[in-house]
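User: Please take a close look at one part of this model for me. I would like the hairpin and what packs around it, in one connected account.

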Amino acid sequence: METRQLAWNGNEIRMTGKELETLYFLMKNENIAISRGQILEKVWGYDRETEGRIVDDVIKRIRKKLKDAGASVAIATVWGFGYKIEGK
């Protein structure tokens, strides 16, 4: 996280700051369901869930970048709640 870079099998995965921070937060809490509100609070500093679509959009971009890189890490949707990391 200190280098603000992500690599898989030696190949850099380019991510925005918020994408990287969101992925890092989820990975620190592997296999724990994290609500959209928790992600908004920890990554964006928001204290309400009115911006929940922001989280969904960022997760969608992260998933695509991980898939394109062939990463075995997956972000699972916890329906009606949020997300969690699986397969780390």
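Analyst: Val 78 stands opposite Gly 82 in β5. This is a predicted model. Five bridges join β4 to β5, and the two strands run antiparallel. Their hairpin has three residues between the strands. Gly 80 takes a positive phi there, near 75°.

Now the rest of the sheet. β5 covers residues 82-86 and also pairs with β3, through two bridges. That pairing is antiparallel too. Ile 34 of β3 has Tyr 83 in β5 as its bridge partner. The three strands form an open sheet in the order β3-β5-β4. β3 (34-35) and β4 (74-78) stand at the edges. Each has a single partner strand, so one side of each is left without a neighbour in the sheet. As for what holds such strands side by side, strands of a sheet pair through backbone hydrogen bonds, either parallel or antiparallel.

Just past the hairpin comes Gly 87, in the segment after β5. Its relative accessible area is 43%, so Gly 87 is partly exposed; the exposed class starts over 50%. Leaving aside neighbours within four places in sequence, Gly 87 is in contact with Ser 72 and Val 73. Gly 87 and Ala 76 are 11 residues apart in sequence. Their C-alpha atoms are 9.8 Å apart in space.

Next, the helix over the sheet. α1 (residues 17-28) lies across β3, β4 and β5. α1 runs at about 70° to β5. The helix has 12 residues and reaches 16 Å from its first C-alpha to its last. That is close to the 16 Å expected at 1.5 Å a residue. Six residues of α1 are buried: Glu 19, Leu 20, Thr 22, Leu 23, Phe 25 and Leu 26. A general point helps in reading that list: an α-helix has 3.6 residues a turn, so residues three or four places apart point the same way.

Leu 23 shows how α1 meets the sheet. Leu 23 lies in α1 and has 3% relative accessibility. Buried means under 20%, so Leu 23 counts as buried. Leaving aside neighbours within four places in sequence, Leu 23 is in contact with Leu 6, Met 15, Ile 62, Leu 66, Ile 75 and Ile 85. Take Ile 75 from that list. Leu 23 and Ile 75 are 52 residues apart in sequence, yet 8.8 Å apart in space, C-alpha to C-alpha.

α1 also packs against a second helix. That partner is α2 (residues 36-44), at an angle of about 120° and with the axes 10 Å apart. The angle makes α1 oblique to α2. The crossing is right-handed. On the α1 side, the contact is made by Lys 18, Glu 21, Thr 22, Phe 25 and Leu 26. On the α2 side, Gln 38, Ile 39, Lys 42, Val 43 and Trp 44 take part. Thr 22, Phe 25 and Leu 26 are also among the buried residues of α1.

Finally, the whole chain. There are three helices and five strands. Along the sequence they follow the pattern β-β-α-β-α-α-β-β. Buried residues make up 35% of the 88 residues. Of the contacts with a separation of 6 or more, 48% come from residues 24 or more positions apart.

Methods: Residues are numbered from 1 along each chain as its sequence is written. This is a predicted model: local features need pLDDT of at least 70, side-chain atom pairs count only at pLDDT 80 or more; totals for chains, interfaces and linings use all residues. Side-chain values use heavy atoms; hydrogens and water are left out. Two strands pair if DSSP finds at least two bridges between them. Helices (H or I, at least four residues) and strands (E, at least two) are DSSP runs, numbered from the N terminus. Contact means heavy atoms within 4.5 Å. Axes are lines fitted to C-alpha atoms, for helices over the stretch in contact, and angles run from 0 to 180 degrees between N-to-C directions. The expected span of a helix is 1.5 Å times one less than its number of residues. Buried means under 20% relative accessible area, exposed over 50%, partly exposed in between (1.4 Å probe, protein chains only). Angles under 35 degrees count as roughly parallel, over 145 as roughly antiparallel, 65 to 115 as roughly perpendicular and the rest as oblique. A crossing is left-handed if the near helix is turned anticlockwise from the far one by less than a right angle, and right-handed if clockwise.
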